[in-house]
Amino acid sequence: MSNVAIVTDSNSGITQAAAREMGIFVLPMPFMINEETFFEDIDLTQEEFYEKLASQANIGTSQPSPESVMKLWDSILADYDEIVHIPMSSGLSGSCQSAMILAGDYQGRVEVVNNQRVSVTQRQSCLDAKLLVSRGMNAKEIREFLEADKFNSSIYIMLDTLYYLKKGGRITPAAAAIGTMLRLKPVLQIQGDKLDAFAKARTANQGRSIMINAIKNDIANRFGGMTEDKHIWLQVAYTANREAAESFSREILEHFPGYDIHIDPLSLSVACHIGPGALAFACCKKIEV
C-alpha cells in the first residue's frame, strides 16, 4: 500500500474526532469573532458559533496561516512519504491557491487537489482518496484522478433567511427586503467554482422538492441514471437544525429507496454566509478504480 496521507480542512465537515477514526488529518479553519481568533472544532463548537452569530457578533472567515499548514505537513511527512491535501473549493476560498504555493517547497511530496468541492462533497473526496491509496496510487495520481472527477458531484442549498447574504454584501438590501417580505426560500447551487442562485421557492416544502428534483435530474442527465448497484452517494447537510435534516432525509428516501444518506452539519465557513436553518442536498458519483 502507498504511504500517502490524506489531509483536508474543517470545511469538509470532518471533525477532529471523526478524522482520527477515518485516518485523515484535518486542518481547522480560523475565524475572527469580535477581533479574537477561534479555530473550528478546536475552541469553537457548532453551538458556540451559532450563539455568537445570534448575538450579532462580528464574525469573519480567514485562511489557515502558512505556518499552521506547513507545521501540519512537516509533522505528517515525518511518518509518511507523501501528502494529498484536499482544501475547500478554490472558488470559495483562497486557501487552495495558498496551499498550492506552499506545496512548491516540498519537492513533489505534497499534492494539492483543486476539485472545487465543499462540505459533504469535499468529505467524500477524502474518502475517495483513502480508497485510491488502498489501490496503490501515489499522491500525484490521486490528485489527477480527483481533479478529473470534480464535476461528478452536485450540491444544492436552501436558505431560511436572506439576512446573512445581505450582511455579507452578496445581495443588495433591497433584494433581501423583497425576498423577506415575500418569504422566499432561495435555493443555491455549488457546481464547479461558484456559488450561484438556482431557484426561488415560496415555501420550505417547495424548496425541498426543488432540490430533490434537481438531484434526480443531475443523476439522470450527468451521472448515468439510477442503477441497481446504487452508484451514487447521497448526502444532506444543514445549519443549526439536525431535526430538519433528518426529516428531509426521510423525505429523500421516499424518492431514493434503499440508498444510504450521510448527514453532517455544514461547515462554519459556509454557515457564516448563509445563517442558521439552511438545508442542503448533495450527491457524488461513486468512483470506479
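Two strands count as paired here if DSSP finds at least two bridges between them, and with that in mind I would like to begin with Thr8, whose bridge partner in strand E6 is Ile86. I should say at once that what you have in front of you is a predicted model, so please hear everything that follows as a description of that model.

The strands E1, residues 4-9, and E6, residues 82-86, pair in the parallel sense, and they do so over five bridges. These two strands belong to an open sheet of four strands, in which the order is E2-E1-E6-E7 and the pairing is parallel. At the edges we find strand E2, covering 25-27, and strand E7, covering 110-112, each of which pairs on one side only. From one strand to the next, the twist averages 25°.

Let me stay with the sheet for a moment and ask which helix lies across E1, E2, E6 and E7. That is helix H3, made up of residues 66-77, and its direction relative to E6 is about 145°.

Turning now to the helix pairs, I will take H5 and H6 to start with. Helix H5, residues 119-134, packs with helix H6, residues 139-148, at an angle of about 140°, and their axes are 10 Å apart. Angles over 145 degrees would count as roughly antiparallel, and because the angle here is about 140°, H5 is described as oblique to H6. The crossing in which H5 passes H6 is right-handed. On the H5 side the contact is made by Ser125, Asp128, Ala129, Leu132 and Val133, while H6 contributes Ile142, Phe145 and Leu146. If we sort the residues of this contact between H5 and H6 by class, six are nonpolar, one is polar and one is charged.

The other pair I want to show you is helix H9, residues 204-221, with helix H10, residues 242-255, whose axes come within 11 Å and cross at roughly 45°. That angle makes H9 oblique to H10, and the crossing of H9 and H10 is right-handed. Which residues of H9 and H10 meet? From H9 they are Arg208, Ser209, Met211, Ile212 and Lys216, and from H10 they are Phe248, Glu251, Ile252 and His255. By class, the contact of H9 with H10 divides into four nonpolar, two polar and three charged residues.

How values were computed
Residues are numbered from 1 along each chain as its sequence is written. This is a predicted model: local features need pLDDT of at least 70, side-chain atom pairs count only at pLDDT 80 or more; totals for chains, interfaces and linings use all residues. Side-chain values use heavy atoms; hydrogens and water are left out. Axes are lines fitted to C-alpha atoms, for helices over the stretch in contact, and angles run from 0 to 180 degrees between N-to-C directions. Angles under 35 degrees count as roughly parallel, over 145 as roughly antiparallel, 65 to 115 as roughly perpendicular and the rest as oblique. A crossing is left-handed if the near helix is turned anticlockwise from the far one by less than a right angle, and right-handed if clockwise. Contact means heavy atoms within 4.5 Å. Ala, Val, Leu, Ile, Met, Phe, Trp, Tyr, Cys and Pro count as nonpolar, Asp, Glu, Lys and Arg as charged, and the others, Gly among them, as polar.
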